[in-house]
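Work through the exercises below with the sequence and the structure open beside you. Try each task before you read its solution.

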Amino acid sequence: MPSVITANRLQDGVVVYLAAGNVWKTDLAEALVAHSETELARLEADAEKAAAGQIIVGAYAMDVELRDGKPAPKSVREKIRAAHRQTFPDLTEIGLH
Amino acid sequence: MYRYDEFDRDFIRDRSREFRAQVERRLAGELTEDEFKPLRLMNGLYLQLHAYMLRVAIPYGALNSRQLRQLGYIARRWDKGLGHWTTRQNIQFNWIKLVDVPEILDALAEVDMHAIQTSGNCIRNVTSDPYAGAAADEIEDPRIWAEILRQWSTNHPEFTFLPRKFKIAITGAAEDRAATLFHDIGIRIVGGPNGTKGFRIYVGGGQGRTPYVAQEMNAFLPQADLLSYLEAMLRVYNLHGRRDNIYKARIKILVNAIGIDAYRSEVEEEWQRIRSEEIDLPADEEARIRAQFSPPELPSRPIDSFMLTKTRAADPAFDRWMRHNVMAHRNPEYAIVSIAFKEPGGRPPGDVTADEMERVADAADRYAHGEIRVTYTQNLVLPHVARADLVDLYEDLKAAGLVAGNTDLITDIIACPGLDYCNLANARSIPIAQAITDRFADPERAELIGQLRLNISGCINACGHHHSGHIGILGVDKKGTEHYQITLGGSPSDEAAIGSIVGPSFPAEDVPDVIDKIVDTYLAQRSEDESFLATYARVGIEPFKEAIYGPR
């Protein structure tokens, strides 16, 4: 199952995703996608280093689906995190699936 | 209001300096997140979905206008221009950067405020009646005792690492407006023999995944004994409360496991042992604190009844506001005014902008002796307004967009931040609250329905008090989708009760229809002006079940 690493930026708590070149991006579409356990382990090792280097906090791997080859969130929680906002006046805007 | 002395100010400034150094060490890598987390939580700083959240203590919900203005300044400078009134009469800022927190704590200290004990397994902010010192039905101002409890519990060395968080509420009025029976310790000031006053003490109430209504611990505790008795209560809990299982760590679990009689006798034994240890407050110190809550001078302000009647007749919205947001004051020329932070087509319940904080602070200075209260239902109250000023106050609040006349009606919803912000949530609360508020936007219909407490929590931790809602809504995760379970018959008041689950949960988009059906069933079943709870008690859950699930 394709997955990416997400975390909160230490200094301001903003949601970030591990992207190419060990850079943390706020846009999930730019995240590096792991397609195997080995690839994921490599990303996790990079995240651990970033946590030790006071870049991010609370890193974890999350499942994504690929849309046009780009990672997109699956759960309601991750859809809200990826949107970086809390106002969704339409109850169905965050799709149920 | 209680005024800080130099000792209080030095203490707050020291704590602020201490946390500044801890943040610096965290950012420099000298503290890991595991080391830092308990330190930040001791200063009310959480990490939520999108940002850090800082919860600021508002002791027993009482603010002065200077403090409210400063909260507005903090919202504008370091948040997105927003604050959020909480169900513990506090404020939280949901969009905070860690690097800014030391500055924010300094800004709070400037107005005698802080974020200490708004998190962690300690005694949290003591809550009270938002109408304290003003209510027509008051026996004694509970703020005196809430302040004494605040001082006793602040940095109490023995109770800084309790098995779990600990919440105390105190009320001094005939009507319980502080949900005392849903607290770890609930205290009601009661009259005793020969004009004396004392406390009726309740223990073991709470919401969360195992809700309980508190049980009576002591029918009449003399006022002078309050601190030693509570010290004994906390000590027995601290000793026997479970630390091995977070879900069984609250005092409610202990009291219900060993029984109220066994708990009471252990407390009694401990109390007899310690009550001579000078824990109780000396009479002169009590008098000093009491003096700080002497009521403001309220000059006689005759009302032009003719003008008021005319204005009410000409403006139905003002008339409605008068009916629902203006409450009886002990001085008949004055009133208690509720300012609603919920309205159709509008904000998340309890959200407040920086501008609004400033406008309310101005109104408090102009009309209400600079005093403001936060309610646990996530609104504000001006406790001392001359009735002669009500029209002018209404106009000022109208200009600020703060005149929804819906206090305690179906649109005055308590809602937790839910999955929009919270790391613990299973489902969103805010958009559900907004959708229901919009569904009942017609003020005439809301008024026809009458007083109805509708509460929403986004998870079983029940920060949105769904268990005590006449109608409660609980967000659950059902196979990765947001679903909502409905409860009926809860109450936060004197006849406190936990709501009963009606049946299987509903997807988000069905919830407004379901609430509509429940309300229609109530309206069809009620006789004359019977309340929702009275109708529910009389007809039972079945008619409501049938309305929302169809006949069996």
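**Exercise 1: A sheet in chain A**

In this predicted model, A:A7 stands opposite A:V16, a residue of β2(A).

Task: Find which strands of chain A are joined by three bridges, and then state in what order the strands of the sheet lie.

Solution. Begin with the pair of strands: β1, which covers residues 3-9 of chain A, is joined by three bridges to β2, which covers residues 15-19 of chain A, and the two run antiparallel. Next, widen the view to the whole sheet, which is open and is built from five strands of chain A in the order β3-β2-β1-β4-β5, with antiparallel pairing. Then look at the ends of that order, where β3 (23-25) and β5 (70-73) of chain A are the edge strands, each of them pairing on one side only. Finally, from one strand to the next, the twist averages 50°. As general background, strands of a sheet pair through backbone hydrogen bonds, and they may do so in a parallel or an antiparallel way.

**Exercise 2: One residue of a helix**

Task: Locate A:D46 and name the residues it touches, leaving aside residues up to four places away in sequence.

Solution. First place the residue: A:D46 lies in helix α1 of chain A, which spans residues 37-52. Then list its contacts, which, with those sequence neighbours not counted, are A:L18 and A:N22. As a last step, compare positions along the chain and in space: A:D46 and A:L66 are 20 residues apart along the chain, and their C-alpha atoms are separated by 22 Å.

**Exercise 3: Two helices of chain B**

Task: Describe how α10 and α11 of chain B pack, and sort the residues of their contact by type.

Solution. Start with the geometry: α10 (residues 305-314) and α11 (residues 316-325) of chain B pack at an angle of about 115°, and their axes are 5 Å apart. Next, identify the residues that meet, which are B:L308, B:T311, B:R312 and B:A314 from α10(B), and B:P316, B:F318, B:D319, B:M322 and B:R323 from α11(B). Sorted by type, the residues of this contact are five nonpolar, one polar and three charged.

**Exercise 4: Where the chains meet**

Task: Describe the interface of chain A and chain B, giving its buried area and its salt bridges.

Solution. Chain A gives 23 residues to the contact and chain B gives 33 residues. Together the two chains bury about 2,400 Å², of which 61% is on carbon and sulfur atoms. Turning to specific pairs, the rule finds zero salt bridges across the interface, while five residue pairs are in polar contact.

Note on methods. Residues numbered from 1 in each chain as written. Chains lettered and ligands numbered in written order. Predicted model: local features only at pLDDT ≥ 70, side-chain atom pairs only at ≥ 80, totals over all residues. Heavy atoms only, no water. Pairing = 2+ DSSP bridges. Axes fitted to C-alpha atoms, helices over the stretch in contact; angles between N-to-C directions. Contact = heavy atoms within 4.5 Å. Nonpolar A, V, L, I, M, F, W, Y, C, P; charged D, E, K, R; others polar. Buried area = accessible area lost by both parts, 1.4 Å probe. Salt bridge = Lys/Arg side-chain N within 4 Å of Asp/Glu carboxyl O. Polar contact = N/O pair within 3.5 Å; in protein donor to acceptor, adjacent residues only side chain to side chain.
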